[in-house]
Amino acid sequence: MAVVVQVNFVVADLERSRDFYQRLGFSFRSRSRLGVDAVEAWVADNGGVTVVLHSPEFARWWDAATPGPTSGGPQIDLELESADALQAVVDDLHTAGGTIGKEPTDMTWGQRFAIVVDPDGYRIGLKAPSPKGAPPGSQTESPPASQPQSQPD
């Protein structure tokens, strides 16, 4: 069974959106890619499920599909128990005529990751442990949810 672990909001203005969600009680930490100094996302995990505000540019880093994520387009991430379970879901949806936005891929943060698109166009991220494990020196979490930074990761 898939478990909701994260909701991603691709937003036009990170600071405006952070202010809005802080008023709802979320506490955020900053997130950016390795070698990027500017904040590209805000991560909150104090609400029971991780909520992440992404700039469109940051979202396109982890989802390079065409068309890629745009502001106003949320994405829910589901976690599955294994890479095989993830592949089975993707295969089943593909066989049923579903849209696969990103084929299952071993990502640098140590998870197998895919994106499927529901009938209304909502993007659903699928995560599972990578069968290869995390590469040496890699992050252990996906870009949308990361540990607090002492340097950009």
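Q: What makes Gly48 stand out in the hairpin of β3 and β4?
A: In this predicted model, Gly48 takes a positive phi near 95 degrees. The hairpin has five residues between its strands.

Q: Why are β3 and β4 called paired strands?
A: Pairing asks for at least two bridges between two strands. β3 and β4 have four, in the antiparallel sense, so they meet that requirement. Across this pair, Trp42 stands opposite Leu53 in β4.

Q: What makes β1 and β4 a pair, and in which sense do they run?
A: They share five bridges and the cut-off is at least two, so they count as paired. The sense here is parallel. Within this pairing, Asn8 stands opposite Val52 in β4.

Q: Why is β4 described as largely enclosed by the rest of the structure?
A: Because five of the five residues of β4 are buried, the strand is largely enclosed. Buried means under 20% relative accessible area.

Q: Which way do the residues of β4 point?
A: Thr50, Val52 and His54 point one way, while Val51 and Leu53 point the other way. That fits a general habit: in a regular strand, side chains alternate between the two faces of the sheet. In β4, the residues on both sides are buried.

Q: Which helix lies across β1, β3 and β4?
A: Helix α1, residues 14-22, lies across β1 (3-10), β3 (41-44) and β4 (50-54). Against β4, helix α1 runs at about 155 degrees.

Q: How do you know that Arg18 sits over the face of Trp42?
A: The test wants CZ of Arg within 6 Å of the ring centre and within 35 degrees of the ring normal. Arg18 lies over the face of Trp42 at 4.0 Å from the ring centre, so the distance part is met.

Q: Why is the aromatic pair of Phe26 and Phe28 called what it is, rather than stacked or edge-to-face?
A: Start with the distance: the ring centres are 6.4 Å apart, and pairing asks for centres within 6.5 Å. Next comes the angle: the planes are 40 degrees apart, whereas stacked needs under 30 degrees and edge-to-face over 60. The pair is therefore tilted.

Q: Where do Phe26 and Phe28 belong in the wider aromatic picture, and are they buried or exposed?
A: They belong to one aromatic cluster with Phe9, Phe20 and Tyr21. Phe26 is buried, and so is Phe28. A search of the whole structure finds seven aromatic pairs.

Q: What is the strand order of the sheet?
A: It is an open sheet of eight strands, with mixed pairing, in the order β2-β3-β4-β1-β5-β8-β7-β6. β2 (29-31) and β6 stand at the edges, each with a single partner strand, so one side of each has no neighbour in the sheet. The twist averages 20 degrees from one strand to the next.

Q: What joins β7 to the strands β6 and β8?
A: Five bridges join β6 (residues 99-106) to β7 (residues 111-117), and the two run antiparallel. Seven bridges join β7 to β8 (residues 123-129), also antiparallel. Each count meets the requirement of at least two, so both are pairs. In the first, Thr99 has Val117 as its bridge partner; in the second, Gln111 has Pro129. β6 and β7 form a hairpin with four residues between them, and Gly110 in the turn has a positive phi of about 95 degrees.

Q: Why is Arg112 counted as it is, buried or exposed?
A: Its relative accessible area is 17%, and buried means under 20%, so Arg112 is buried. This residue is found in strand β7. Apart from neighbours within four places in sequence, Arg112 is in contact with residues including Leu86, Pro104, Leu126 and Ala128. Arg112 and Ala128 are 16 residues apart in sequence and 5.2 Å apart in space, C-alpha to C-alpha.

Q: Which residues does Val117 touch, not counting those up to four places away in sequence?
A: Val117 touches Thr99, Gly101, Tyr122 and Arg123.

Q: What pattern does the protein chain follow along the sequence?
A: It reads β-α-β-β-β-α-β-α-β-β-β, with three helices and eight strands. Of its 153 residues, 42% count as buried.

Note on methods:
Residues are numbered from 1 along each chain as its sequence is written. This is a predicted model: local features need pLDDT of at least 70, side-chain atom pairs count only at pLDDT 80 or more; totals for chains, interfaces and linings use all residues. Side-chain values use heavy atoms; hydrogens and water are left out. Rings of Phe, Tyr and Trp (its six-membered ring) pair if their centres lie within 6.5 Å; planes under 30 degrees apart count as stacked, over 60 as edge-to-face and the rest as tilted. Buried means under 20% relative accessible area, exposed over 50%, partly exposed in between (1.4 Å probe, protein chains only). Axes are lines fitted to C-alpha atoms, for helices over the stretch in contact, and angles run from 0 to 180 degrees between N-to-C directions. Contact means heavy atoms within 4.5 Å.
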